[in-house]
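Work through the exercises below with the coordinates open. Try each task before reading its solution.

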Amino acid sequence: MNVEAMPEDRFWTLIEQSLPLNEDQAKRLTAVLETLPCEEKQAFYLRFNGVHRAAYRWDIWAAAYLYGGGCSDDAFMDFRCGLIGLGKQAYEAVLRHPDDLVEYVQEQPEETLFHEQFGYVPFLVLKDSGCPEPPLNEIFAAPRNADGDAPEWDFDDEAEMQQRFPRLSEFVEAHP
């Protein structure tokens with residue numbers, strides 16, 4: 001099976017149709033994807049996994065850790081789903097500068113951004129429609145930084161986190 005990932009613009013258009021990020025977003029995305037032909041469902045699945053993997057970075061994990069008061073590897077998977085669920089503008093802004101997460105979480109309940117159910121949608125839509133799952137490559141690659149290096153700081157070092165994420169630190173401190 002040779003399926004190409006969905007073009008990014010089309011992918012983000014479908015994500016934006018499921019907004020806003022809340023407990024019903026997974027249902028809305030499911031309804032949108034169910035209308036697509038099998039090849040587009042597969043292409044969406046591949047793009048979703050690629051976008052999810054692109055956010056698998058230590059600096060993004062640190063921002064999630066700070067925002068969530070901790071963040072296990074499973075919680076970080078859920079966080080990246082919620083980050084995608086915020087839409088293209090938020091996703092790209094946070095990947096450019098993780099401290100910009102503060103711009104998108106001020107009105108969000110914490111549990112909404114750790115959006116486990118949203119991450120299941122691409123696979124479940126394929127499964128429920130009888131479409132075969134296309135193969136994924138390198139999905140479990142180790143996290144990296146934007147520059148590819150391993151982390152150089154301790155997420156529990158409050159001073160370091162405040163230095164790296166000044167606005168997000170201030171927000172978290174003001175909203176315990």
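**Exercise 1. Count the salt bridges, then trace the contacts of R167.**

Solution. The structure holds eight salt bridges. The criterion is a side-chain nitrogen of Lys or Arg within 4 Å of a carboxyl oxygen of Asp or Glu. Side chains of opposite charge can pair when their charged atoms come close. The model is predicted: local features need pLDDT of at least 70, side-chain atom pairs count only at pLDDT 80 or more, and totals for chains, interfaces and linings use all residues. Residues are numbered from 1 along each chain as its sequence is written, and side-chain values use heavy atoms, with hydrogens and water left out.

Step 1. Take R167 and D99. They form a salt bridge, with the closest N and O atoms 3.6 Å apart. R167 lies in helix α11 (residues 166-174) and D99 in the loop between α6 (88-96) and α7 (102-105), so the pair ties together parts that are 68 residues apart in sequence. Helices here are DSSP runs (H or I, at least four residues), numbered from the N terminus.

Step 2. Take R167 and D100. Their closest N and O atoms are 2.3 Å apart, again in a salt bridge. D100 sits in the loop between α6 and α7, and R167 in helix α11, so this pair ties together parts 67 residues apart in sequence.

Step 3. Check accessibility. Buried means under 20% relative accessible area, exposed over 50%, and partly exposed in between (1.4 Å probe, protein chains only). D99 counts as buried, at 2% relative accessibility. R167 is partly exposed at 33%. D100 is partly exposed at 21%.

Step 4. Assemble the network. Salt bridges link D99, D100, E103 and R167.

**Exercise 2. How far apart are the closest N and O atoms of R164 and E160, and how are the two residues placed in helix α10?**

Solution. Step 1. The closest N and O atoms of this salt bridge are 2.6 Å apart.

Step 2. Both residues belong to helix α10 (residues 158-164). They are four residues apart, so about one helical turn separates them.

Step 3. R164 has 33% relative accessibility and counts as partly exposed.

**Exercise 3. Locate the disulfide and describe its two cysteines.**

Solution. Step 1. The structure holds one disulfide. The cut-off is a pair of cysteine sulfur atoms within 2.5 Å.

Step 2. The partners are C38 and C131, with sulfur atoms 2.3 Å apart. The pair links distant parts of the chain: C38 is in helix α3 (residues 38-54), C131 is in the loop between α9 and α10, and they are 93 residues apart.

Step 3. C38 is partly exposed at 22% relative accessibility. C131 is buried at 9%.

Step 4. Look at two other cysteines. C71 is buried, with a relative accessible area of 11%. C81 is buried too, at 6%.

**Exercise 4. Classify the ring pair Y67 and F114, then list the cluster around it.**

Solution. Step 1. The structure holds 15 aromatic pairs. Rings of Phe, Tyr and Trp (its six-membered ring) pair if their centres lie within 6.5 Å; planes under 30 degrees apart count as stacked, over 60 as edge-to-face and the rest as tilted.

Step 2. Y67 and F114 are 6.4 Å centre to centre, with 0° between the planes, and the pair is stacked. Y67 lies in helix α4 (residues 58-68) and F114 in the loop between α8 (110-113) and α9, so the pair ties together parts 47 residues apart in sequence.

Step 3. Y67 is buried at 7% relative accessibility. F114 is buried at 16%.

Step 4. One aromatic cluster is formed by Y56, W58, W61, Y65, Y67, F76, F79, F114 and F155.

Step 5. Add a charge. The charged end of R80 sits over the ring of F76, 4.7 Å from its centre. The test is NZ of Lys or CZ of Arg within 6 Å of the ring centre and within 35 degrees of the ring normal.

**Exercise 5. Where is S72 placed, and what separates its C-alpha atom from that of W61?**

Solution. Step 1. S72 is in the loop between α4 and α5 (73-85). At 41% relative accessibility, S72 counts as partly exposed.

Step 2. The C-alpha atoms of S72 and W61 are separated by 9.2 Å, and the residues are 11 apart along the chain.
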